[in-house]
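Biologist: Please take me through one part of this model in detail, the helix packing and the space beside it. Then place it against the rest of the fold.

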Amino acid sequence: MAASAGPEIERLIGLLSKLPGLGPRSARRAALALLKRRDQLLLPLSDALSEAGARVKTCSVCGSLDTQDPCAICAEPSRDGTLICVVEEVGALWAMERAAAFRGRYHVLGGLLSALDGVGPEALRVGSLVDRASQQGVREVILALPATVDGQTTAHYLADRLAGCDVSVTMLARGVPVGGDLDWLDDGTIAQAMRARRPA
């Protein structure tokens, strides 16, 4: 870090560098851009961060983030309450909503099981998921978890935990993406797509 940067600038750079995808160099560039455009960027961002910090809360039902509790999705009466889609984090929920392919309700786990990172079931929102799945009227729990080792481990664990509930447990299909060219796909994706093939 440049010696000419004051402690306030160093603190700003240090905080920005803790954001995902921003290392020290990117954080310096972002800090400089914010400081150069103080009125257009820095002050409105400061106000937005302060307001979000004061008003945004975690939904007591699904674990999403919103300014109301229950969140807008849980409170929306047109949503299909018989379907619960389980996602790792709120970002995955937002991705599902962007796709506009699901009109049920969500459950945010808050992470994935990971023996290496010391994340066990007690650190996730597993108990509340089982409670919700046990409610009358819920017929399907969709596991929309990453196709990683931790994601698959978590999916298998959840399927075992939900076995006592009277619900169907399904997983998102895996395979060739829309617009995907087989020559560019990895072997695992091609193998999974072959196993999950369906009638044309």
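**Helix contact, pocket and sheet**

Modeller: Start with α2 (residues 24-36) and α3: their axes come within 6 Å of each other and cross at roughly 110°. Crossing angles of 65 to 115 degrees count as roughly perpendicular, so α2 is roughly perpendicular to α3. This is a predicted model.

Now the residues. On the α2 side, the contact is made by A33, L34, L35 and K36. R38, L41, L42 and L45 answer from α3. By class, the contact holds six nonpolar residues and two charged ones, with no polar residue. The charged ones are K36 on α2 and R38 on α3.

Next, the pocket. The largest pocket encloses about 210 Å³ of space. Its lining shares residues with the helix contact: L34, L42 and L45 belong to both. The rest of the lining is L12, L15, L16, L19, S46 and L49. Two elements give two or more residues each: α1 (7-16) and α3 (38-55). The biggest share comes from α3, with four residues. In class terms, eight lining residues are nonpolar, one is polar and none is charged. S46 is the polar one. So α3 has two roles here: it crosses α2, and it gives the most to the pocket lining.

Now the sheet. Four strands form an open sheet in the order β4-β3-β5-β6, and the pairing is parallel. At the edges sit β4 (104-108) and β6 (168-171), each paired on one side only. On average, neighbouring strands are turned by 25° against each other, direction ignored. Inside the sheet, β3 (residues 80-87) pairs with β5 (residues 140-143) in the parallel sense, over four bridges. For one partner pair, take C85: its bridge partner in β5 is I142.

Helices pack here too. Helix α5 (residues 90-99) lies across β3 and β4, and runs at about 160° to β4. Helix α7 (residues 149-162) also packs on the sheet, touching β3, β5 and β6. Its direction makes about 170° with that of β6. Angles over 145 degrees count as roughly antiparallel, so α5 is roughly antiparallel to β4, and α7 is roughly antiparallel to β6. The α2 and α3 pair, by contrast, is roughly perpendicular.

Notes:
Residues numbered from 1 in each chain as written. Predicted model: local features only at pLDDT ≥ 70, side-chain atom pairs only at ≥ 80, totals over all residues. Heavy atoms only, no water. Pairing = 2+ DSSP bridges. Axes fitted to C-alpha atoms, helices over the stretch in contact; angles between N-to-C directions. Contact = heavy atoms within 4.5 Å. 1 Å grid on protein atoms, 1.4 Å probe; cavity = no way out; pocket = protein on both sides within 12 Å on 5 of 7 lines; lining within 4 Å. Points joined across faces, edges and corners; volume = space filled by probe spheres on them. Parallel < 35°, antiparallel > 145°, perpendicular 65-115°, else oblique.
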